[in-house]
Amino acid sequence: MAGGIYLIQDDDRLVEMMEQPYDSEDQLQDLLVTYPNLIAGDQIDRATARRWLLISREAAPSDEETAVQWSLDHLFLDQNAVPTLVDVRRTTNAELRQKVLGQSIDYAANALFYWPIDSIISLFEANCRDRGRDPEQVFEEFLGADANEDRFWQKVKTNLQAGKVRLVFVADEISAEMRRVVEFLNEQMDPVEVLALEIKQYVSEDGLKTLVPRVIGQTAEAQQKKSSATRERRRWDESSFFAEIKARRGADEAQMAKAIYLWAKTQEPEVQIHWGTGDAYGGFAAQLPQKGRKPYQLFTVDIAGRMEISAHNYGSQPPFNVEQNWLDLRSKLSSIGLSLPIEPGERRSPSLALFTLEDESALKQVMETFDWVIEQIKTL
């Protein structure tokens with residue numbers, strides 16, 4: 001047995017607790033599901049401790065045609081919507097270390113492909129159902145009653161698009177070789193954060209148990225480089241957004257985005273434009289303020305050349321939370337390429353690519369459709 005730690009009981013009795021291996025990887029995985037705080041969020045970010053929302057255990061790629069035949073042990077999100085990919089192994093011999101690292105980096109590189117945002121939301125809701133919890137309540141406990149759920153899921157998508165994810169390799173013992181690999185990757189992979197987490201188990205003769213997590217891989221250089229990883233550093237505006245989308249997507253798509261933006265501007269003050277924040281990805285949202293209620297977000301246009309709407313935003317508020325009105329909305333939006341789910345309020349984010357609006361009549365139809373949407377909302 002390895003050396004232990006000591007507890008001083010209330011009667012001043014010293015209790016020695018000896019290090020003890022886990023019975024299985026499943027035991028360690030179960031502990032992370034039951035006690036997510038074992039992922040040592042206070043060590044990962046000492047300024048603002050990371051908190052964890054479990055999305056799924058055994059999260060597999062959503063594309064059935066992919067050649068990947070394995071699944072990630074756990075998928076979490078932190079309070080800044082950063083996807084955190086956790087892989088658990090009891091031991092880390094050389095062959096296993098190479099396999100785990102390769103698989104996890106594959107997942108990080110292809111996370112947006114493997115897990116589109118609708119898939120992540122579905123995994124979260126399925127996980128809540130499996131545990132007998134209400135997704136709305138779980139989310140509220142995680143971020144508070146005033147949190148904007150749609151905005152949070154949009155931020156998850158933005159982080160995936162920007163490659164802003166966190167890899168955490170968990171074991172009861174992290175070898176020196178594994179530590180060097182993790183430190184190297186954490187310094188070289190930006191904005192990806194790569195960490196190892198050692199969780200040792202100590203048990204006393206009378207059954208007391210202590211778990212001691214320790215984060216490994218945060219070199220001074222990596223911490224300095226990523227110290228702002230949990231902060232948004234740039235707020236987009238008209239000038240920066242249209243210059244960037246032109247550079248990324250070309251003049252034609254930039255012009256289509258500009259036309260949609262100018263349409264929204266002509267609707268002021270009824271429609272308000274809000275610019276997003278983010279280092280690599282951004283965009284604007286067209287919102288319709290409502291007295292005494294949260295604003296209607298009509299749509300967003302992002303720097304990747306997409307117009308997107310929130311089905312949940314529309315279906316959870318009047319007038320479209322009424323069945324016939326929802327069907328009318330589905331028909332209208334379907335005609336411009338935005339496919340709403342059958343049931344109102346589902347957490348889906350239909351989108352259409354701006355390049356599909358090259359025909360002037362198609363672009364005009366989009367604007368006329370949202371003219372109709374505004375008129376329906378104004379009838380309240």
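This is a short talk on the strands, the aromatic pairs and one buried glutamate in the structure above.

Keep in mind that the model is predicted.

I will begin with the strands. S3 covers residues 52-59 and S4 covers residues 72-78. These two strands pair in the antiparallel sense, over 6 bridges. For one position in that pairing, take Ser56, which stands opposite Leu75 in S4.

On its other pairing, S4 runs antiparallel to S5, with 4 bridges. Leu75 turns up again here, with Leu85 as its bridge partner in S5. S4 and S5 form a hairpin, and 4 residues lie between them. In that turn, Ala81 has a positive phi of about 65°. As for exposure, S4 is mostly covered, with 7 of its 7 residues buried.

Next along is S5, residues 83-88, which pairs with S6 in the parallel sense over 5 bridges. Val88 has Val170 as its bridge partner in S6. S6 also pairs with S7, residues 193-203, again in the parallel sense, and here there are 6 bridges. Val170 serves in this pairing too, and its bridge partner in S7 is Leu197. To get from S6 to S7 the chain passes through helix H8, residues 176-188, and this β-α-β crossover is right-handed.

How many residues of strand S6 are buried? S6 spans residues 166-171, and 6 of its 6 residues are buried. Arg166, Val168 and Val170 point one way from the strand, while Leu167, Phe169 and Ala171 point the other way. Both sets are buried, and that includes the arginine, Arg166.

Now the aromatics. There are 21 aromatic pairs in the structure. Take Trp52 and Phe76: their ring centres are 6.4 Å apart and their planes are at 70°. Pairing requires centres within 6.5 Å, and planes over 60 degrees apart count as edge-to-face. The Trp52 and Phe76 pair is therefore edge-to-face. Trp52 belongs to S3 and Phe76 to S4, 24 residues apart, so the pair links distant parts of the chain. Are these two residues buried or exposed? Trp52 is buried at a relative accessible area of 8%, and Phe76 is buried at 0%.

A second pair is made by Phe241 and Phe242, with ring centres 5.0 Å apart and planes at 80°, so this one is edge-to-face as well. Phe241 and Phe242 are both buried. Phe242 also has a charge over its ring: the charged end of Lys258 sits there, 4.5 Å from the centre.

There is also an aromatic cluster, made up of Phe124, Phe139, Phe142, Phe152 and Trp153. One of its members, Phe142, has Arg51 over its face, at 5.5 Å from the ring centre.

Another member of that cluster, Phe139, leads to my last residue, since Glu149 touches Phe139. Where does Glu149 lie? It lies in helix H7, residues 149-161. Glu149 is buried, with a relative accessible area of 9%, and the cut-off for buried is under 20%. Leaving aside residues up to four places away in sequence, Glu149 touches Glu136, Phe139 and Arg347.

To recap: S6 pairs in the parallel sense with S5 and with S7, S4 pairs in the antiparallel sense with S3 and with S5, and the Trp52 and Phe76 pair sits across S3 and S4.

Definitions and conventions: Residues are numbered from 1 along each chain as its sequence is written. This is a predicted model: local features need pLDDT of at least 70, side-chain atom pairs count only at pLDDT 80 or more; totals for chains, interfaces and linings use all residues. Side-chain values use heavy atoms; hydrogens and water are left out. Rings of Phe, Tyr and Trp (its six-membered ring) pair if their centres lie within 6.5 Å; planes under 30 degrees apart count as stacked, over 60 as edge-to-face and the rest as tilted. Buried means under 20% relative accessible area, exposed over 50%, partly exposed in between (1.4 Å probe, protein chains only). A charge sits over a ring if NZ of Lys or CZ of Arg is within 6 Å of the ring centre and within 35 degrees of the ring normal. Two strands pair if DSSP finds at least two bridges between them. A crossover is right-handed if, with the strands pointing away from the viewer, the path from the first strand over the helix to the second runs clockwise. Contact means heavy atoms within 4.5 Å.
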